[in-house]
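I opened the notebook today to record what I looked up in one protein structure, going from the whole chain down to single residues.

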Amino acid sequence: MFKDLWRQRTELVEQSLLEELRRTKSLDENLMRAMEYSLMAGGKRLRPILLMAAADSINGAGEKFITVADALEMIHTYSLIHDDLPAMDDDDYRRGKLTNHKVFGEAMAILAGDALLTLAFEVVLRQKDVPHEILLAVLKEISVAAGAAGMVGGQAIDLRSEGVQIDLSTLKIMHMGKTGALFKAAIRSGAILAGASTEKLNALTNYAENFGLAFQITDDILDVTGDEKILGKPTGSDAKNLKSTYVSLTSLDEAKNLAQAVVDEALNALENFGAEADFLRELVQYLVARQK
């Protein structure tokens with residue numbers, strides 16, 4: 001059931017993203033092609049799926065909020081386009097395909113990322129049947145998570161940490177921003193949209209923080225142990241760029257143990273939820289066993 005629901009939701013997100021692109025106007029066709037190239041390149045679609053799953057855990061109406069979920073995927077995609085640029089991680093492949101700047105050039109890739117980021121906030125405002133005050137709360141949640149206090153702030157720490165030994169505390173702060181902030185925004189936004197109580201919102205926030213940490217630790221592990229053909233991108237890039245990771249600062253075995261520990265913390269956060277949160281439980285456990 002877990003994999004079936006994930007597949008169904010992924011297909012729903014793919015269709016909805018394409019529809020949002022089709023109703024978006026642009027002064028330049030090549031810009032739209034560059035945006036679509038990366039946005040429709042596949043992927044796990046974790047952030048929109050997390051938003052819907054969090055809403056499901058509150059009132060079972062996750063798919064109702066697909067529009068806001070789409071916006072999160074647009075922000076995530078913009079961050080990937082920019083991450084892959086020569087000035088950032090300098091990657092040639094993403095999800096088994098040439099990165100955006102390798103196909104459209106650096107300047108157009110930057111613009112495609114910019115356009116997806118700004119489009120995301122327009123798309124949030126396309127969400128129907130949500131009170132204005134709730135939608136504004138979600139907009140704030142997402143904008144803070146995507147900015148200097150979240151994802152971009154984490155990316156800044158990441159850039160200045162290349163070739164520099166940092167401690168585990170700094171590494172955690174970096175990844176809670178760079179990777180974890182959008183996961184947290186997805187889960188909290190889904191809960192807020194679904195009308196979660198303060199108690200349940202706090203529990204889901206706890207889950208989200210541990211989910212993001214588990215995801216990043218596993219990412220660090222896969223950069224060492226993963227299969228490039230399965231991952232769809234080169235492994236060993238962290239070592240090449242002299243980046244501190246959970247593996248380099250501890251060891252491979254310790255990183256695996258830490259990943260399992262934070263998964264257990266995430267599961268504990270859901271102890272007062274029933275079967276409505278089973279997808280969230282199975283998803284975080286899947287993280288530590290994933291191949292890509």
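The entries below follow the order in which I looked things up.

**Entry 1: the whole chain.** I noted at the start that this is a predicted model. I counted 16 helices and two strands in the protein. I then looked up the radius of gyration, which is 18 Å and close to the 19 Å that the globule rule gives for 292 residues, so the protein is as compact as a globular protein of that length. Along the principal axes, the C-alpha trace spans about 50 × 50 × 35 Å.

**Entry 2: burial, contacts and surface.** I found that buried residues make up 54% of the 292 residues. When I took the contacts between residues at least 6 apart in sequence, 74% of them turned out to join residues at least 24 apart. The accessible surface comes to about 13,200 Å², and 52% of that surface belongs to carbon and sulfur atoms. For the charges, I looked up the mean positions of the 32 positive and the 43 negative ones, and these two positions are 3 Å apart.

**Entry 3: the nonpolar core.** Which residues have the most contacts inside the largest nonpolar core? I found M35, Y207, F211 and L283, in a core of 89 residues. Helix α11, residues 198–225, gives the most to this core, with 11 residues. I followed F211 further and, not counting residues up to four places away in sequence, listed its contacts as L46, L50, F183, A266, L283, V284 and L287.

**Entry 4: helix α16.** Since L283, V284 and L287 had come up beside F211, I turned to helix α16, residues 278–287, where F279, L280, R281, L283, V284 and L287 are buried. What covers these buried residues includes α1 (2–22), α3 (46–59), α11 and α15 (252–269).

**Entry 5: L201 in α11.** I went back to helix α11 for L201, which counts as buried at 16% relative accessibility, because the cut-off for buried is under 20%. Leaving aside neighbours within four places in sequence, L201 is in contact with R188, A191, I192 and A196. I also checked L201 against A54: the two are 147 residues apart in sequence, and their C-alpha atoms are 9.4 Å apart in space.

**Entry 6: two residues of α4.** Is E73, in helix α4 (residues 66–83), buried or exposed? I found E73 buried, with a relative accessible area of 1%. Not counting residues up to four places away in sequence, E73 touches L17, L39, R45, R47, P48 and R95. H82 is found in helix α4 and counts as buried at 15% relative accessibility. Under the same exclusion of sequence neighbours, I listed the contacts of H82 as M88, A109, I110, G113 and D114. From C-alpha to C-alpha, H82 and N100 are 8.9 Å apart, with their positions 18 residues apart in sequence.

**Entry 7: helix α8.** I looked up which residues of helix α8 (residues 151–160) are buried, and these are M151, G153, G154, Q155, I157 and D158. The buried residues of α8 pack against α4, α7 (132–146), α9 (168–178) and α10 (180–193).

**Entry 8: L119 in α6.** In helix α6 I picked out L119, which is buried with a relative accessible area of 3%. Leaving aside neighbours within four places in sequence, L119 is in contact with L21, T24, M35, M74 and R126, and M35 is one of the residues with the most contacts inside the largest nonpolar core. L119 and L135 are 16 residues apart in sequence, and from C-alpha to C-alpha they are 16 Å apart in space.

**Entry 9: positive phi values.** Most residues other than glycine have a negative phi, and I therefore made a note of two residues that do not follow this. D90, which is not a glycine, has a positive phi of about 55°. D90 has its place in the loop between α4 and β1 (93–94), and I found it partly exposed, with a relative accessible area of 39%. For D129, phi is positive as well, near 60°. D129 is found in the loop between α6 (106–124) and α7, and it is exposed, with a relative accessible area of 67%.

Note on methods:
Residues are numbered from 1 along each chain as its sequence is written. This is a predicted model: local features need pLDDT of at least 70, side-chain atom pairs count only at pLDDT 80 or more; totals for chains, interfaces and linings use all residues. Side-chain values use heavy atoms; hydrogens and water are left out. Helices (H or I, at least four residues) and strands (E, at least two) are DSSP runs, numbered from the N terminus. The radius of gyration is taken over C-alpha atoms; the globule rule is 2.2 Å times the number of residues to the power 0.38. Buried means under 20% relative accessible area, exposed over 50%, partly exposed in between (1.4 Å probe, protein chains only). Contact means heavy atoms within 4.5 Å. Accessible areas come from the Shrake-Rupley method with a 1.4 Å probe; for residues, only the protein chains shown count as cover. Lys and Arg count as positive and Asp and Glu as negative; His and the chain ends are not counted. The place of a charge is taken as NZ of Lys, CZ of Arg, CG of Asp or CD of Glu. A nonpolar core is a set of buried Ala, Val, Leu, Ile, Met, Phe, Trp, Tyr and Cys residues joined through side-chain atoms within 4.5 Å.
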